[in-house]
Every structure is written in structure tokens, then in C-alpha cells.
Amino acid sequence: MTDDELMTIALEEAEAATAHGDVPVGAVVVRNGEVIARRHNERQLTGDPTAHAEVLALRDAASVAGSWRLNGATLVVTLEPCLMCAGALVNSRIDRVVYGAADMKAGACFSLYNVCDDPRLNHKVEVTAGIRAEEAGAMLSSFFEAHR
């Protein structure tokens, strides 16, 4: 599957987050050409501050893979990962992250920090940015406009 096709799945997951009042962020993990996890934000739903789409998808992917090491996998997410999520990407040993909209306030893959390419860490994650960024950004903008 292409990054664009995977982002379609991530955007579907993001839309599902709005059903329970969560910020519309969706994530998909693919390994060996197969989607092994897909999740969306669930902080409001669960009351769990760590229930970001990326973390939930990484947990599910590790369960499917039978290991916390997700070498060979790619995570596709609608919004640039925050510090917590970028740290989880590094710690999971995932190969690549693809994101849609940049996050100028909390982005930790390029915008505010560059955790995925920090030479002081023990693993680097390849980053591809801006896949369907306008669509992902519009979904987030609409959500926040409706909740103000």
C-alpha cells in the first residue's frame, strides 16, 4: 500500500475519534505490506492521558508482532507525533513514520523537536511529512472550531 492509501485509513480512524469527543487523530501500523494495527485518539473516551492514536497503535502492533521491537514497520498518522509519541516510536524501533499535518505547538518529529533523528538516542526513525496535510489539518481545524 502507498503512503497515500495508508493515510486514507488513518483519516478514517481520525474521524472515528470524534464520535466520542476525542481530537481527530488516527494512526496505522503496517509491516510487510500488511496493516497490523489501526487506532485513533481515546483520551476522552478512556480518561487515559497516554491514549494517543500512535501509542495505542504501537501497543496493538507489538501484540500482533509478538514483540515490542517493530523493526520493519511504518506508522502512518494524521498529525505530527508529540514528544511522548515520538519517544514511543524510537523505543519501539519502528523504521519509519509518515505524518500528515505538522504540529507547530507540540510536534516532535520536526516542527518543535526532532526526536526521530536525534543522534544522542539509540535508534533513528525515518520521517516522511506532509502526506495529505491539508485534509488532516482541515479535520483538526473543524474539530477545534466546533469545540470553542
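Modeller: Before we start, contact here means heavy atoms within 4.5 Å. Also, this is a predicted model.

Colleague: Thanks! Which elements do the buried residues of α1 pack against?

Modeller: They pack against five strands and a helix: β1 (26–31), β2 (34–40), β3 (73–79), β4 (96–101), β5 (126–129) and α5 (133–146).

Colleague: And which residues in α1 are buried?

Modeller: The buried ones are D3, L6, M7, I9, A10, L11, E13, A14 and A17.

Colleague: How many residues does α1 have, and how far does it reach?

Modeller: Helix α1 covers residues 3–17, so to speak 15 residues. From first C-alpha to last it reaches 21 Å, close to the 21 Å expected at 1.5 Å a residue.

Colleague: Back to α5. Are α1 and α5 roughly parallel or roughly antiparallel?

Modeller: Their axes cross at roughly 0° and come within 11 Å. Angles under 35 degrees count as roughly parallel, so that is what α1 and α5 are to each other.

Colleague: Which residues meet there?

Modeller: On the α1 side, L11, A14 and E15; on the α5 side, E135, A136 and M139. Four residues of this contact are nonpolar, two are charged and none is polar.

Colleague: New topic: how many disulfides does the structure hold?

Modeller: Zero.

Colleague: Why is C85 not bonded to C82?

Modeller: Because the closest cysteine sulfur to that of C85, in C82, is 3.7 Å away, too far for a bond. The cut-off for a disulfide is within 2.5 Å.

Colleague: What about C109?

Modeller: C109 is in no disulfide either, with the sulfur of C116 as its nearest cysteine sulfur, 3.5 Å away.

Colleague: Are C85 and C109 buried or exposed?

Modeller: C85 is buried at 1% relative accessibility, and C109 is buried at 2%.

Notes:
Residues are numbered from 1 along each chain as its sequence is written. This is a predicted model: local features need pLDDT of at least 70, side-chain atom pairs count only at pLDDT 80 or more; totals for chains, interfaces and linings use all residues. Side-chain values use heavy atoms; hydrogens and water are left out. Helices (H or I, at least four residues) and strands (E, at least two) are DSSP runs, numbered from the N terminus. The expected span of a helix is 1.5 Å times one less than its number of residues. Buried means under 20% relative accessible area, exposed over 50%, partly exposed in between (1.4 Å probe, protein chains only). Axes are lines fitted to C-alpha atoms, for helices over the stretch in contact, and angles run from 0 to 180 degrees between N-to-C directions. Angles under 35 degrees count as roughly parallel, over 145 as roughly antiparallel, 65 to 115 as roughly perpendicular and the rest as oblique. Ala, Val, Leu, Ile, Met, Phe, Trp, Tyr, Cys and Pro count as nonpolar, Asp, Glu, Lys and Arg as charged, and the others, Gly among them, as polar.
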